[in-house]
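Biologist: I'd like to learn how to read salt bridges in a model. Could you walk me through one?

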Amino acid sequence: MKKGLYFLGLFLLMYSCSVKKPPVFLKVDDIKLISYASDTIRLNANAYFENPNDVGGKISTDEIKVIINGVEVAQVLAEDFKVPARKDFTIPLIVNIPSKNIFANKKDIFLGGLINSIITNKVKVQFKGNLRYTVFGFQKEFLVDKTEEIKIKF
């Protein structure tokens, strides 16, 4: 009888803390130019999620590439983000782009886009790749593909 009660208690504990669904990826939005200097350009975007589970987990952002005017210039590099239980949450995606990467990549193609961007004061920024959610050995990938034109203020 005692074994049955222990088993039932353990079963209820595991069932109530189980991962019923992965977090829901809502969108990537709010791409902004934070700062620019002669050596580094800094961008920020936000990935929005909703977690219906009683447990958290973590999300890694290392597989997201940043493409400016059709040329890959950087990757999002950040520490794994701890997912809160039963909450809506936002992951900041911060990118530091060395200026030399912009001018070294495919000079002929990018130079035309750069001149056009200076004239129109807009640049086309794309975040593309995967976010990986991990909890208790369970993994789920979320596809990110967001393109937005941002204004450049000189």
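Biologist: Okay, I have it open. How many salt bridges does the structure hold?

Modeller: Seven salt bridges. Keep in mind that this is a predicted model. The general idea is simple: side chains of opposite charge can pair when their charged atoms come close.

Biologist: Let's take R86. Which side chain meets R86 in a salt bridge?

Modeller: That would be D54, with 2.5 Å from N to O. The two residues sit in distant parts of the chain, 32 residues apart. R86 is in the loop between strand 5 (81-82) and strand 6 (87-98), while D54 is in the loop between strand 2 (40-51) and strand 3 (58-68).

Biologist: And how do I read accessibility here? Is R86 buried or exposed?

Modeller: Look at the relative accessible area: over 50% counts as exposed. R86 has 52%, so R86 is exposed. D54 has 32%, so D54 is partly exposed.

Biologist: Next, K58. What does K58 form a salt bridge with?

Modeller: With D80, and the closest N and O atoms are 3.8 Å apart. The cut-off is within 4 Å, so the pair counts. This pair also links distant parts of the chain: K58 is in strand 3, D80 is in the loop between strand 4 (71-75) and strand 5, and 22 residues separate them. As for accessibility, K58 is partly exposed at 39%, and D80 is partly exposed with 39% as well.

Biologist: I also spotted R132. Where does R132 lie, and where is E63?

Modeller: R132 belongs to strand 7 (residues 122-135) and E63 to strand 3, so their pairing ties together parts that are 69 residues apart in sequence. Their side chains meet in a salt bridge at 2.9 Å, N to O. R132 is partly exposed, at 25% relative accessibility, and E63 is partly exposed too, at 33%.

Biologist: What happens when salt bridges share partners?

Modeller: You get a network. Here, K27, D29, K146 and E148 are joined into one by salt bridges that share partners.

Biologist: Last thing: confidence. What pLDDT does the chain average?

Modeller: The average is 79, and 74% of the residues score at least 70. It's worth checking the individual elements too.

Biologist: Which element of the chain has the lowest mean pLDDT, and which the highest?

Modeller: Helix 3 (residues 107-120) has the lowest, with a mean of 54, and strand 5 has the highest, at 92. Going back to our first pair, R86 is in the loop between that strand 5 and strand 6.

Definitions and conventions. Residues are numbered from 1 along each chain as its sequence is written. This is a predicted model: local features need pLDDT of at least 70, side-chain atom pairs count only at pLDDT 80 or more; totals for chains, interfaces and linings use all residues. Side-chain values use heavy atoms; hydrogens and water are left out. Helices (H or I, at least four residues) and strands (E, at least two) are DSSP runs, numbered from the N terminus. Buried means under 20% relative accessible area, exposed over 50%, partly exposed in between (1.4 Å probe, protein chains only). pLDDT is the predictor's confidence in each residue, from 0 to 100.
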